[in-house]
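Colleague: I am new to this structure, and I would like to understand the reasons behind the words used for it. Could we go through them one by one, with the structure in view?

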Amino acid sequence: MTLYPGVALVTGAASGIGRATAVSFAHEGCLRIVICDQNPAGLDETRKLIAATNASADVLVQKVDVIQSSEITEAITSAVAKFGRLDYAINCAGIGNIAKRSTELAEDEFEKIFQINYRGCWLSSRAELKQMLQQEPLSTHDGRPGVRGAVVNIASQLGLVGRPTAPAYCSAKSAVIAMTRCDAIDYSKDNIRVNCICPGLIDTPMTHRDPEKLKAMTASLAIAPMDRWGTAQEVADACLFLCSSKASFIQGAALVVDGGYTIN
Ligand SMILES: NC(=O)c1ccc[n+]([C@@H]2O[C@H](COP(=O)([O-])OP(=O)(O)OC[C@H]3O[C@@H](n4cnc5c(N)ncnc54)[C@H](O)[C@@H]3O)[C@@H](O)[C@H]2O)c1
């Protein structure tokens, strides 16, 4: 018996949190998984990791740029053609901060962060919600009332608090939180749950790619009482919880997974 009898779709699945989430679905017995990203090599690696975790899991690999509405729509059409429906949608695709104050930030840098981290998340969730509206609720493993679908958007602790030199990133992630709340209100009557997660500093390629940024982020780890990097697995765990019937009364939440960063 699995908590995940439905179909999962993860954007940003070629790396970091998205990859850990896709593999976790397979580990927890989800047998129909769609992995989307713009990086085909990373997607192939995720596909192999899923196969090694659960050989019965059927995986659909979709090369998608989340800022291209048509590509997202096509990915969901293909997912439904193959698997029949879409139950758990995790919108994880994103890029890191461009560390500049507003007066140093160029318009195209601001646009890039907003396009991918906010508009791309909206385009993805909009397409997912359109599909969920068309399907019947799915039975749960434990007899609780099922839902038509669950969407989890990946925001950030930096959608809740400010940091030096992060005006575009912080505001794009705040926008994801606000959008999540509005969609949760609008789709409650349709029996769809929409939540988001606000990860803290997580050990992924995004945070470890650039030595200068890594140095600055390592220095800020101690803001959190737990004073350590979180793992992609710890965020994936929260994603899976929010998709499961164990979270059946959680709606519009911004679940903070940050070792206490935002309580200080
Ligand atoms: N790592 C952290 O500390 C941290 C903290 C808070 C929030 N987040 C958020 O978590 C999410 C995942 O980050 P991560 O740390 O796993 O980073 P990552 O760089 O390891 O993975 C991000 C993935 O998103 C994909 N992506 C980027 N732009 C895309 C696009 N236009 N279309 C499709 N795919 C695209 C990349 O190819 C990559 O595979 C992001 O939204 C990020 O903002 C990360």
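Colleague: Why is Tyr4 called buried?

Modeller: Buried means under 20% relative accessible area, exposed over 50% and partly exposed in between, taken with a 1.4 Å probe and protein chains only. Tyr4 has 5% relative accessibility, so Tyr4 counts as buried. Tyr88 also has a relative accessible area of 5% and is therefore buried, and Phe25, at 0% relative accessibility, counts as buried too. This is a predicted model, in which local features need pLDDT of at least 70 and side-chain atom pairs count only at pLDDT 80 or more, while totals for chains, interfaces and linings use all residues. Residues are numbered from 1 along each chain as its sequence is written, and side-chain values use heavy atoms, with hydrogens and water left out.

Colleague: What makes Tyr4 and Tyr88 an aromatic pair that is edge-to-face?

Modeller: Rings of Phe, Tyr and Trp (its six-membered ring) pair if their centres lie within 6.5 Å, and planes under 30 degrees apart count as stacked, over 60 as edge-to-face and the rest as tilted. The rings of Tyr4 and Tyr88 are 5.7 Å apart centre to centre, with 85 degrees between the planes, and the pair is edge-to-face. Tyr4 is in the segment before β1 (7-11) and Tyr88 in strand β4 (residues 88-91), 84 residues apart; helices (H or I, at least four residues) and strands (E, at least two) are DSSP runs, numbered from the N terminus.

Colleague: Why is the pair of Phe25 and Tyr88 called stacked?

Modeller: Here the centres are 5.7 Å apart and the planes of Phe25 and Tyr88 differ by 15 degrees, which means that the pair falls under the limit for stacked. Phe25 lies in helix α1 and Tyr88 in strand β4, so this pair ties together parts that are 63 residues apart in sequence. Ring pairs link Tyr4, Phe25 and Tyr88 into a cluster, and the structure holds 5 aromatic pairs.

Colleague: How do you know that Tyr169 makes a polar contact with the ligand?

Modeller: A polar contact is a pair of N or O atoms within 3.5 Å; within protein, one must be able to donate a hydrogen and the other to accept it, and residues adjacent in sequence count only if both atoms are side-chain atoms. An N or O atom in the side chain of Tyr169 is 2.8 Å from an oxygen atom of the ligand, and for the side chain of Arg209 the value is 3.2 Å.
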